[in-house]
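Grab a coffee and work through these exercises with the model open beside you. Each one sets a task and then walks through a solution.

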Amino acid sequence: MSVNAKVDEKVRDHFDDDAVRFDAIYEDKKGPLARFIDNVWRGVVRKRLDLTMEKLSPLKGKTVLDVGCGSGRYCFAYAQRGATKVVGVDFAEAMIKIAMQLANKLGVADRCEFRVGKFPEAVADGPFDASTAMGFFDYIADPVPIVKAMREKTRETMIMSFPKVFEWRVPIRRVRFLLARCPLFLYTEKRVRAILAAAGVTDYEWINLDRDFVIVAHLKS
Ligand SMILES: C[S@@+](CC[C@H](N)C(=O)[O-])C[C@H]1O[C@@H](n2cnc3c(N)ncnc32)[C@H](O)[C@@H]1O
């Protein structure tokens, strides 16, 4: 088995086990201690969602691809803001199961399609008006082909987050992922810019958001 395939297997197993806990970050019903811990350690998860909605608005009539969609929270938000077709792809079956249940509960299942599979292999269709990959490159050993594939499947805007290597929470995060036996990839600004250049992404906004670099790439000339 190749190194990349081993990484994928470990990441998938981790998120299959962790799906319910991960999705709970988006739930407001929790005690003050749990809320405090989520704000300090995982507050970026909510901030990324808010920033993405701001940057992709207006979404009315748009098609959107969400790579590494997890429990589908971005996909629901796209559909609720008027996107006509949203495709979410994730190789962790437990994440997709939650996404499908929530899509039904929220009444957006007719506009959201969820696929269990690896990106880019699981997405033969497209292009989409926009694509997003948030909290995703943390788990990708070789990002250039992924960014390239996203670019090929996107007409207008791509939004991606890359976790910073120099950040005060990194040592604890590294230990947490080591104990969970899940690979974790962190980035310098120089490396992210090199990845974007190698993938042919030249026109982008650079945003420092908490523990992440967020890239908003504009593909229309
Ligand atoms: C931290 S979660 C983020 C979920 C979602 N984007 C969010 O922010 O709520 C990262 C997700 O990426 C998925 N993933 C990682 N590598 C993948 C790949 N190559 N193809 C499909 N899914 C992948 C994992 O299974 C996991 O559910």
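## Exercises on pockets, ligand and loops

H1, helix H2 (32-56), helix H3 (73-80), strand E2 (85-90), helix H5 (143-152) and helix H6 (170-179) each put at least two residues into the lining of the largest pocket. Keep in mind that this is a predicted model.

**Exercise 1. Describe the largest pocket: its volume, its lining and its main contributor.**

Step 1. Start with the space: the largest pocket holds about 720 Å³. It is lined by 47 residues, and those closest to its centre are Val11, Gly68, Gly135, Phe136 and Tyr139.

Step 2. Now ask which element gives the most to this lining. That's H1, with 10 residues.

Step 3. Sort the lining by class, and you get 24 nonpolar, eight polar and 15 charged residues.

**Exercise 2. Find the ligand and work out what surrounds it.**

Step 1. Where does the ligand sit? Look in the largest pocket, and there it is.

Step 2. Take the shell next. The ligand has 20 residues around it, and Tyr26, Gly68, Asp90, Phe119 and Met134 are the closest. Helix H1 (residues 3-24) is the top contributor to this shell, with three residues.

Step 3. Split the shell by class: 14 residues are nonpolar, four are polar and two are charged.

Step 4. Go through the polar contacts, using a cut-off of 3.5 Å between N or O atoms. The side chain of Tyr26 has an N or O atom 2.6 Å from an oxygen atom of the ligand. Phe91 uses its backbone instead, with an N or O atom 3.2 Å from a ligand nitrogen. Phe119 also brings in a backbone N or O atom, 3.1 Å from a nitrogen atom of the ligand.

Step 5. Finish with the cover: on its own the ligand has 610 Å² of accessible area, and the protein covers 99% of that.

**Exercise 3. Do the same job for the second largest pocket.**

Step 1. The volume here is about 210 Å³. Its lining has 13 residues, with Arg73, Phe76, Ala77, Gln80 and Leu106 the closest to the centre.

Step 2. Two or more lining residues come from each of H2, H3 and helix H4 (93-106). H3 gives the most, with four residues.

Step 3. By class, this lining comes out as seven nonpolar, one polar and five charged residues.

**Exercise 4. Look for enclosed space.**

Step 1. How many cavities of 30 Å³ or more does the structure hold? Just one. The largest cavity has about 40 Å³ of space.

Step 2. Pro163, Lys164, Glu167, Arg169, Val170, Arg173, Leu186 and Arg211 line the largest cavity. Sorted by class, that makes three nonpolar, no polar and five charged residues.

**Exercise 5. Track down the unusual backbone spots.**

Step 1. Check the peptide bonds that lead into prolines. Ser57 and Pro58 are joined by a cis bond, with omega about 0 degrees. Pro58 belongs to the loop between H2 and strand E1 (63-67).

Step 2. There's another cis bond from Phe119 to Pro120, where omega is near 10 degrees. Pro120 is in the loop between strand E3 (112-116) and strand E4 (128-133). You've met Phe119 already: its backbone contacts a ligand nitrogen at 3.1 Å.

Step 3. Turn to phi. Arg181 isn't a glycine, yet its phi is positive, near 55 degrees. You'll find Arg181 in the loop between H6 and helix H7 (189-198).

Terms used:
Residues are numbered from 1 along each chain as its sequence is written. This is a predicted model: local features need pLDDT of at least 70, side-chain atom pairs count only at pLDDT 80 or more; totals for chains, interfaces and linings use all residues. Side-chain values use heavy atoms; hydrogens and water are left out. A residue is near a molecule or strand if one of its heavy atoms lies within 4 Å of it. A polar contact is a pair of N or O atoms within 3.5 Å; within protein, one must be able to donate a hydrogen and the other to accept it, and residues adjacent in sequence count only if both atoms are side-chain atoms. Accessible areas come from the Shrake-Rupley method with a 1.4 Å probe; for residues, only the protein chains shown count as cover. On a 1 Å grid over the protein atoms alone, a cavity is a set of points where a 1.4 Å probe fits but cannot get out, and a pocket is an open set with protein on both sides within 12 Å along at least five of seven lines; lining residues have an atom within 4 Å of a point. A molecule sits in a cavity or pocket if more than half of its atoms lie within 2 Å of its grid points. Ala, Val, Leu, Ile, Met, Phe, Trp, Tyr, Cys and Pro count as nonpolar, Asp, Glu, Lys and Arg as charged, and the others, Gly among them, as polar. Grid points are joined across faces, edges and corners, and a volume is the space filled by probe spheres set on the points.
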